[in-house]
Amino acid sequence: MAVAALSTLAVACKSGVAGKQPRVLRVPSAIATIADAVSKAKPGDIVLVAPGTYHESVKIYRPGITVRGEDRNTVILDGQDTLANGFLVGANDVAIENLTVHSYTQNGVVFSGIEAVTKGQGADPNVVYGVDDNVLQGYRVSCVTSYNNGLYGVYAFASRDGVIEHSYVSGHPDSGLYIGQCKPCNVILRNNTVVLNAIGYYGTNSSGGVYVINSVFRSNRLGVAPNSQKAEALSPQSETVVAGNLVVDNAD
């Protein structure tokens with residue numbers, strides 16, 4: 001599905017930090033690339049990205065950092081249909097804010113408990129990810145536009161204590177928003193606009209404290225689908241609240 005990102009987004013996306021001011025690493029004026037700035041960041045730091053188009057696939061294994069665009073519509077990560085993921089996060093307490101990500105072969109933004117637990121060394125077949133300490137803990141996606149990626153728009157797997165909010169997700173052959181294999185998940189998806197995906201929201205074996213609220217799911221093939229599958233661990237799915245959404249003009 002070929003769709004364009006919204007030219008103007010109504011919601012103003014601003015966030016402040018109370019107390020001690022964080023260190024700000026500026027891209028590209030001080031550090032040339034987002035990936036390089038992330039590699040230099042320490043917990044509490046902000047990687048602040050100026051307007052421009054960045055052909056990067058950014059992996060984040062440093063906890064407690066924020067990657068924030070200066071302008072949602074003009075800070076653009078473009079995978080050019082060759083790079084895998086816009087952001088692959090394998091660390092706790094990471095936030096991605098106020099930018100656009102598109103044309104990646106896999107996902108726009110992905111948080112992975114497997115990556116967090118193994119530090120990117122690959123899954124242990126004897127470990128059940130998504131429970132106890134075998135999870136990524138703490139994540140946020142706020143004011144992000146994710147469109148025309150090869151699988152998912154925003155994807156959180158074996159991850160806990162998350163927020164996905166004020167985001168626009170469109171044009172994905174799998175789901176726009178995905179929460180999978182976590183118990184408890186403790187995640188809030190709120191005030192999102194999800195259109196023209198194969199599935200708007202998909203929650204496979206995601207149980208406990210899952211809230212899908214105050215969002216729009218329009219013109220997807222399938223609108224909202226909490227579900228259980230044997231292809232992932234931790235079935236059956238349970239304890240998902242879906243409330244206050246507009247689910248309209250979806251095929252199923």
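Q: What makes the link between Cys182 and Cys185 a disulfide?
A: In this predicted model, the sulfur atoms of Cys182 and Cys185 are 2.0 Å apart, and a disulfide is called wherever two cysteine sulfur atoms lie within 2.5 Å, so the pair qualifies. The structure holds 1 disulfide, and with 95° about its S-S bond the link of Cys182 and Cys185 is right-handed.

Q: How do you know whether Cys182 is buried or exposed?
A: The relative accessible area of Cys182 is 1%, and buried means under 20%, so Cys182 is called buried.

Q: Why is Cys185 given its label, buried or exposed?
A: Cys185 has a relative accessibility of 0%, which is under the 20% cut-off, and therefore Cys185 counts as buried.

Q: What kind of peptide bond joins Lys183 and Pro184?
A: Lys183 and Pro184 are joined by a cis peptide bond, with omega at about -5°, and Pro184 sits in the loop between strand E14 (175–182) and strand E15 (187–190). A cis peptide bond also joins Ser235 and Pro236, where omega is about 0°, and Pro236 belongs to the loop between strand E20 (222–227) and strand E21 (240–243). Most peptide bonds are trans.

Q: What is the phi of Ala158, and where is Ala158 placed?
A: Although Ala158 is not a glycine, its phi is positive, at about 50°, and Ala158 is placed in the loop between strand E11 (152–157) and strand E12 (159–165). Most residues other than glycine have a negative phi.

Q: Why is Ala158 called buried?
A: The relative accessibility of Ala158 is 0%, and since buried means under 20%, Ala158 falls in that class.

Q: What makes Gln80 partly exposed?
A: Gln80 has a relative accessibility of 45%, and this value is neither under 20% nor over 50%, so Gln80 is called partly exposed. Gln80 is found in the loop between strand E6 (75–78) and strand E7 (85–89), and has a positive phi of about 55° although Gln80 is not a glycine.

Q: How do you know that Asn126 is exposed?
A: The relative accessibility of Asn126 is 71%, and exposed means over 50%, so Asn126 earns the label. Asn126 lies in the loop between helix H2 (113–118) and strand E10 (136–147).

Q: Which residues have a pLDDT that stays under 50?
A: The pLDDT stays under 50 over residues 1–10, whereas the chain averages a pLDDT of 93, with 92% of the residues scoring at least 70. Where pLDDT is low, the predicted coordinates should not be read in detail.

Methods:
Residues numbered from 1 in each chain as written. Predicted model: local features only at pLDDT ≥ 70, side-chain atom pairs only at ≥ 80, totals over all residues. Heavy atoms only, no water. pLDDT = per-residue confidence, 0-100. Contact = heavy atoms within 4.5 Å. Helix = DSSP H or I, 4+ residues; strand = E, 2+ residues; numbered from the N terminus. Buried < 20%, exposed > 50% of the residue type's maximum accessible area, 1.4 Å probe, protein only.
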